[in-house]
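Here are some review notes for a first reading of this model. Please keep the structure open beside them while going through the points.

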Amino acid sequence: MKVLYIWFYSRSFPDYPKVAAVLREQGHEALVANYDDGGDIVWYRGDVLTARVQGPRKAPRRVARIPLVRSLWQWLAFVGFMLRLRGFFRRENADVVHVCPNAARLVWLLPLGMPKHMRFVIDYRQIAQREGRGFIGRLKSAWANGLRVLYCRLFYDRATFLHALGAAKVLGPEWSRWADVVPLAVDDPFLAYVNQHPRRGEPVTFLYLGSIARIRKLEQILEAARLVTAETDGFRLDFIGPDVSDGYYQNLVKERGLSPFVRILPPIAYDRVPETVTAYDVALTIVPESPPDWQYQPTIKGIEYRALGMPVIATDFAPNRELVVNEQNGLLVSNTAADIAAAMLRFVCDPALLTQMRANAQIMREGPTWEEIASQYMSLYRSLQ
């Protein structure tokens, strides 16, 4: 079987290359799209570049000065880009085209009128749910959500979601008529890593791993840390990740007098994540209520922490409950600084609790592998033939 994978507007998405590698090992042909610096789509078979599709070109300077003409140019340029992609799919004579649209426009054009043997799967990694405010906001939300429904039910042969909650949010309670759930996988090094980090006593160390971004509302974690300092100094909290807040949280740490307890550290290479995470006592999986699309699937961090056998403090929402059994391998908390602080204090003030939860987390290590995920996709592809 020949499968083409394309994820719009991403140059770092790892899932499709890993699935494609497994499929090639099984004797299938699988190509993965990426973007080059000029905005063209480049297709790879493993590390080998095999083809290029010209992306939408920017409007000439004289055209770009006129807003209405610029908008028309951009629309036509994107239509031309989609038509070139369709031509590429035909030339490759693919059996399956697997599309993650993100916010791409006009993706309904891709499957329209294509050969009957060529099946199209639309893949919603994150449903980008937005509950608009005001009349215009609600109208935009209804339009975006309505397009997702049309893509899944009408234009594409099948849809995939990372979690049943996302599928139900988009398609309703009968989502399985049009969609399948294929969860996130975990890399083998996380499952194989020997997690033998010994308890060092005080201070108890906490880790937040991820981008340092305002949209993640990290203020509540910092406020939780401030509340903990009123009770004890026997803890440390590190944030590790790219700072895209322009130093906002760095300044907030200083303003709140948290510098002796809280550090914001630069990102680490992905292959160093297991050894870095397991050097801490407790990991944080805190997910804010807004934007709401984060409520419809587990985070990759949560999956990796489960695979590594880490005790966690996690936001109490449905996908996290599948990874964290409250009072066993972690603590589930509401999204408030007071609840996060109370959970941190339990770990700091009760060493036996931390020891027991760490032992439980070690026993509960698990996670779907890329081989399992590739098999799920292949079963789906075969069902469409």
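1. A definition comes first: helices (H or I, at least four residues) and strands (E, at least two) are DSSP runs, numbered from the N terminus. The model under review is predicted.

2. With that naming in hand, take the cavities. How many cavities of 30 Å³ or more does a search of the whole structure find? The search finds two. The largest has a volume of about 60 Å³, and the second largest has a volume of about 30 Å³.

3. The second largest cavity is lined by Asp15, Val19, Arg125, Pro183, Leu184, Ala185, Trp370, Ile373 and Tyr377. Two elements, helix H1 (15-25) and helix H14 (370-384), each give two or more residues to this lining. The largest share, three residues, comes from H14. By class, the lining of the second largest cavity holds seven nonpolar residues, two charged ones and no polar ones.

4. The largest cavity has another set of residues around it: Thr285, Gly302, Tyr305, Arg306, Met310, Val312, Asn320, Leu323, Val324 and Asn329. Which helix gives the largest share of this lining? It is helix H10 (residues 300-308), with three residues. The lining of the largest cavity divides into five nonpolar, four polar and one charged residues.

5. Next, helix H5 (residues 164-171). Its buried residues include Gly166, Ala167, Val170 and Leu171. They lie on the same side of H5, because they cover an arc of only 105° around the axis. Among the elements that cover the buried residues of H5 are helix H4 (134-155), strand S7 (158-161) and strand S8 (179-181). Just after H5 comes glycine 172, which takes a positive phi of about 90°.

6. Strand S6 (residues 119-124) deserves its own point. Is it mostly covered or mostly uncovered? S6 is mostly covered, with five of its six residues buried. S6 pairs with strand S5 (residues 96-100) in the parallel sense, over four bridges. In this pairing, valine 99 has isoleucine 122 of S6 as its bridge partner. S6 also pairs with S7, again in the parallel sense and over four bridges. Here the bridge partner of aspartate 123 is threonine 160, in S7.

7. Two backbone angles should be checked by eye. Most residues other than glycine have a negative phi. Asparagine 93 is not a glycine, yet it has a positive phi of about 55°. Asparagine 93 lies in the loop between helix H3 (67-92) and S5. With a relative accessible area of 45%, asparagine 93 is partly exposed.

8. The second angle belongs to leucine 106, a residue other than glycine whose phi is positive, near 60°. Leucine 106 sits in the loop between S5 and S6. Is leucine 106 buried or exposed? Its relative accessibility is 12%. Buried means under 20% relative accessible area, so leucine 106 counts as buried.

9. To go back over the model, start with the two cavities. Then find the buried residues on the same side of H5, and follow S6 to its parallel partners S5 and S7. Finish with the positive phi values of asparagine 93 and leucine 106.

Conventions. Residues numbered from 1 in each chain as written. Predicted model: local features only at pLDDT ≥ 70, side-chain atom pairs only at ≥ 80, totals over all residues. Heavy atoms only, no water. 1 Å grid on protein atoms, 1.4 Å probe; cavity = no way out; pocket = protein on both sides within 12 Å on 5 of 7 lines; lining within 4 Å. Points joined across faces, edges and corners; volume = space filled by probe spheres on them. Nonpolar A, V, L, I, M, F, W, Y, C, P; charged D, E, K, R; others polar. Buried < 20%, exposed > 50% of the residue type's maximum accessible area, 1.4 Å probe, protein only. Arc of directions from axis to C-beta. Contact = heavy atoms within 4.5 Å. Pairing = 2+ DSSP bridges.
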